[in-house]
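Reader: I would like a close look at one part of this model, the largest pocket, and then a careful walk through the elements around the rest of the chain. Please take the pocket first and keep the account connected.

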Amino acid sequence: MNKAQPTNCKATSNVSASIPDTEGRNIVLYFYPKNATSGCTLEGQDFRDNYQAFVDANTVVYGVSKDSMESHEKFKAKQEFPFELISDEDGILCEAFGAWQLKSKNGEEKIGIVRSTFIIGTNGNILKSWNKVAVSGHVDEVLKVVKSL
């Protein structure tokens, strides 16, 4: 996919997240498997800790998982995330971005969210994507790309 399909999504804080952004900002859309798990918490904390640098680079950050809005609100509050989390319970966004895939863990295969990140430009073009993300150092890499835009 080279261009994000225009979408409005329900997000935490009763926000409607628009993809592409209607306020002329770039978007970092990061998909993660599950709230309050170790890797997902660390990734969210890295985005939190670098959030102002993303804002300074005219970029809004959204985390996406299939967790419920209630679960998202608790996770966001506990971790003090300054960005919104999108609840994609029906999986439409995960499928549109190819984040819903067959995964293998300990020899067992199951379908689920593969940790993925996308930078979406103001015109809706996908400027950069990462698939099967390793958490360590990832947010720094994303921020470097965003700052170069």
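Author:

**The largest pocket and its surroundings**

In this predicted model, the largest pocket is lined by 14 residues, and those that lie nearest its centre are Pro33, Lys103, Lys105, Lys110 and Ile113. The volume of this pocket is about 400 Å³. Rolling a probe the size of a water molecule over the atoms shows where empty space is left. By residue class, the lining of the largest pocket holds seven charged, three polar and four nonpolar residues. Two strands each supply at least two residues of that lining, namely strand S6 (100-105) and strand S7 (108-113), and of the elements that contribute, S7 gives the most, with five residues.

Further along the chain come two strands that pair with each other: strand S8 (residues 116-120) and strand S9 (residues 126-131) are antiparallel and are joined over five bridges. In this pairing Ile120 stands opposite Ile126 in S9. The two strands form a hairpin with five residues between them, and in the turn Gly124 has a positive phi of about 95°. After S9 the chain enters the loop that leads to helix H5 (138-147), where Lys132 is found. Lys132 has a positive phi, near 55°, although Lys132 is a residue other than glycine. Most residues other than glycine have a negative phi, and most peptide bonds are trans. With a relative accessibility of 60%, Lys132 counts as exposed.

Helix H5 itself has a buried set made up of His138, Val139, Val142, Leu143 and Val146. Seen down the axis of H5, these buried residues fall within an arc of 130°, so they line one face of the helix. An α-helix has 3.6 residues a turn, so residues three or four places apart point the same way. The other side of H5 carries Asp140, Lys144 and Lys147, which are exposed. The cover over the buried residues of H5 includes S8 and S9, the strands of the hairpin described above, together with S3, H1, H2 and S4.

Helix H3 (residues 69-79) can be read in a similar manner, since its buried residues are Met69, His72, Phe75, Lys76 and Gln79. They cover an arc of only 125° around the axis, and therefore sit on the same side of H3. Turned away from that buried side is a face with the exposed residues Glu70, Lys74, Ala77 and Lys78. The buried residues of H3 pack against strand S1 (7-11), helix H1 (38-49), strand S4 (59-65) and strand S5 (84-87). Within H3 lies Glu70, which has a relative accessible area of 54% and is therefore exposed, the cut-off being over 50%. From Glu70 to Val145 there are 75 residues along the chain, and the C-alpha atoms of the two are separated by 32 Å. After H3 comes Glu80, which has a positive phi near 55°.

Another positive phi is found at Asn58, where the value is about 55° although Asn58 is not a glycine. Asn58 is placed in the loop between helix H2 (51-56) and S4. The relative accessible area of Asn58 is 36%, and Asn58 is thus partly exposed.

Towards the start of the chain, S1 and S2 run antiparallel and are joined by five bridges. Here Asn8 stands opposite Ser18 in S2. The hairpin of S1 and S2 has three residues between the strands, and in this hairpin Ser13 takes a positive phi near 60°. The peptide bond from Ile19 to Pro20 is cis, with omega near -5°, and Pro20 lies in the loop between strand S2 (15-19) and strand S3 (26-31).

The residues of that cis bond also meet Pro6, which is found in the segment before S1. When its neighbours within four places in sequence are left aside, Pro6 is in contact with Ile19 and Pro20. Pro6 and Ile19 are 13 residues apart in sequence, while their C-alpha atoms are 5.4 Å apart in space. Pro6 is nevertheless exposed, with a relative accessible area of 69%.

Terms used:
Residues are numbered from 1 along each chain as its sequence is written. This is a predicted model: local features need pLDDT of at least 70, side-chain atom pairs count only at pLDDT 80 or more; totals for chains, interfaces and linings use all residues. Side-chain values use heavy atoms; hydrogens and water are left out. On a 1 Å grid over the protein atoms alone, a cavity is a set of points where a 1.4 Å probe fits but cannot get out, and a pocket is an open set with protein on both sides within 12 Å along at least five of seven lines; lining residues have an atom within 4 Å of a point. Grid points are joined across faces, edges and corners, and a volume is the space filled by probe spheres set on the points. Helices (H or I, at least four residues) and strands (E, at least two) are DSSP runs, numbered from the N terminus. Ala, Val, Leu, Ile, Met, Phe, Trp, Tyr, Cys and Pro count as nonpolar, Asp, Glu, Lys and Arg as charged, and the others, Gly among them, as polar. Two strands pair if DSSP finds at least two bridges between them. Buried means under 20% relative accessible area, exposed over 50%, partly exposed in between (1.4 Å probe, protein chains only). The arc is that of the directions from the helix axis to the C-beta atoms. Contact means heavy atoms within 4.5 Å.
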